[in-house]
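Here is a quick tour for someone meeting this structure for the first time. Take a look at the fold before reading on.

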Amino acid sequence: MPADPQRSVTRKPPRGSATGAVEVRRSPRRKRTVSAYREGDRTIVLIPARMSEAEEQRWVSVMLDKLAAQESRRVLGDAELNERAERLSEQYFGGRARPASVRWVTNQNTRWGSCTPSEGSIRLSHRLQGMPEYVVDYVLLHELAHLLVPGHGPRFWRLLEAYPRTERARGYLEGVVAAERLPHLPAAREE
C-alpha cells in the first residue's frame with residue numbers, strides 16, 4: 001500500500017538545534033517549493049509529496065537554518081538577551097550560571113563578549129547582532145561559563161563541550177575575523 005502523500009511526520013529536532021519538534025507536511029499539490037514557519041514551539045516544514053527521505057532530511061536542515069538566521073536578524077533587546085541567557089544556563093549548566101545583567105554594548109570592537117564575575121555582568125558586542133542564533137548562543141554560553149570558571153583552563157572548556165555547536169560557532173567567528181583582515185579592493189570605476 002503506498003504511503004499517504006499528505007502525511008505529516010513529527011520528529012525530534014536535529015541534535016544541537018534550539019527548536020522544539022519539527023513537523024513535516026507533504027503535499028501532492030506542492031511541486032518544487034519548500035517553506036517553513038514556526039507555530040508555537042514547533043517548526044512546520046512544507047515539502048512536495050514526491051521528495052525522498054534523504055531530500056526531506058536535507059530540506060528540514062536547510063529550512064531550520066534559514067529560520068534561525070531570520071530570527072537572529074531581529075535584534076534582541078537587553079531583556080530578551082537576559083531571558084536567553086537564563087534559558088541557556090538552565091539547559092547547559094543546570095541553571096548554575098546566574099548573571100545579574102546581560103546587555104549589548106557598542107564599545108567592544110576587539111572582543112565578542114566580556115564578563116565580570118564579581119558583578120555577575122555580561123556584555124555582548126553589538127557586532128554579534130544579525131549573526132546566526134547558534135553563534136550568539138555560543139558567545140552567551142562562553143560568558144556564562146566565566147561566571148562558573150573565571151579563566152580559560154581545561155575546566156572552562158569542558159563546560160562548553162555541552163553545547164553541540166561550539167566548534168561551528170568558533171569557526172564562524174574566526175571566519176568573520178579573517179574576512180575583516182582581507183584587503184578591501186577599490187570598487188570598479190565606471191568608464
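## Starting with one glutamate

At 41% relative accessibility, glutamate 80 counts as partly exposed, because that value falls between the 20% limit for buried and the 50% limit for exposed. Glutamate 80 belongs to helix H2. Its C-alpha is 9.4 Å from the C-alpha of arginine 103, and the two residues are 23 apart in sequence. Keep in mind that what you see is a predicted model.

## The overall layout

Stepping back, the chain has 5 helices and 7 strands. Reading from the N terminus, the order is β-β-β-β-α-α-β-β-β-α-α-α. Of the 191 residues in the chain, 39% are buried.

Leucine 46 sits in strand S4, which covers residues 42-48. With 19% relative accessibility, leucine 46 counts as buried, since the cut-off is under 20%. The C-alpha atoms of leucine 46 and arginine 25 are 4.9 Å apart, with their positions 21 residues apart along the chain.

Proline 117 gives another view of the fold. Proline 117 is in the loop between S6 and strand S7, the latter spanning 121-125. Its relative accessibility of 42% makes proline 117 partly exposed. From proline 117 to valine 149 is 32 residues in sequence and 8.9 Å in space, taken C-alpha to C-alpha.

## A pocket and what lines it

Now for the second largest pocket, with a volume of about 360 Å³. Its lining counts 16 residues, and those nearest the centre are Trp112, Gly113, His142, Glu143 and His152. What kinds of residue make up the lining of this pocket? The split is 7 nonpolar, 5 polar and 4 charged.

Three elements each give at least two residues to the lining: strand S6 (113-116), helix H3 (133-148) and helix H5 (166-181). Helix H3 provides the largest share, with 5 residues.

## A trio of histidines

Two histidines of helix H3 deserve a look: histidine 142 and histidine 146. Are they buried or exposed? Histidine 142 has a relative accessible area of 13% and is buried, and histidine 146 is buried too, at 8%.

Both have a side-chain link to histidine 152. The polar contact between histidine 142 and histidine 152 is 3.1 Å, while the one joining histidine 146 and histidine 152 is 3.2 Å. Histidine 142 and histidine 152 are also among the residues nearest the centre of the second largest pocket.

## Rings that meet

How many aromatic pairs turn up in a search of the whole structure? There are 3. One of them brings together tyrosine 92 and tyrosine 163: the ring centres are 5.3 Å apart and the planes stand at 90°, so this pair is edge-to-face. Tyrosine 92 is in helix H2 (residues 78-93), and tyrosine 163 is in the loop between helix H4 (154-160) and H5, so the pair ties together parts that are 71 residues apart in sequence. Tyrosine 92 is buried at 18% relative accessibility, and tyrosine 163 is buried at 5%.

Another pair consists of tyrosine 134 and tyrosine 172. Their ring centres are 6.4 Å apart and their planes make an angle of 80°, so this pair is edge-to-face as well. It links distant parts of the chain, with tyrosine 134 in helix H3 and tyrosine 172 in helix H5, 38 residues apart. Tyrosine 134 counts as buried at 12% relative accessibility, whereas tyrosine 172 is partly exposed at 31%.

## Charges over rings

Tyrosine 134 has a further partner. The charged end of arginine 168 sits over the ring of tyrosine 134, 4.6 Å from the ring centre.

Which residue has its charged end over the ring of tryptophan 112? That is arginine 127, whose charged end is 4.1 Å from the centre of the ring. Tryptophan 112 has already come up, as one of the residues nearest the centre of the second largest pocket.

Notes. Residues numbered from 1 in each chain as written. Predicted model: local features only at pLDDT ≥ 70, side-chain atom pairs only at ≥ 80, totals over all residues. Heavy atoms only, no water. 1 Å grid on protein atoms, 1.4 Å probe; cavity = no way out; pocket = protein on both sides within 12 Å on 5 of 7 lines; lining within 4 Å. Points joined across faces, edges and corners; volume = space filled by probe spheres on them. Helix = DSSP H or I, 4+ residues; strand = E, 2+ residues; numbered from the N terminus. Nonpolar A, V, L, I, M, F, W, Y, C, P; charged D, E, K, R; others polar. Phe/Tyr/Trp six-rings, centres within 6.5 Å; stacked < 30°, edge-to-face > 60°. Buried < 20%, exposed > 50% of the residue type's maximum accessible area, 1.4 Å probe, protein only. Lys NZ or Arg CZ within 6 Å of the ring centre and 35° of its normal. Polar contact = N/O pair within 3.5 Å; in protein donor to acceptor, adjacent residues only side chain to side chain.
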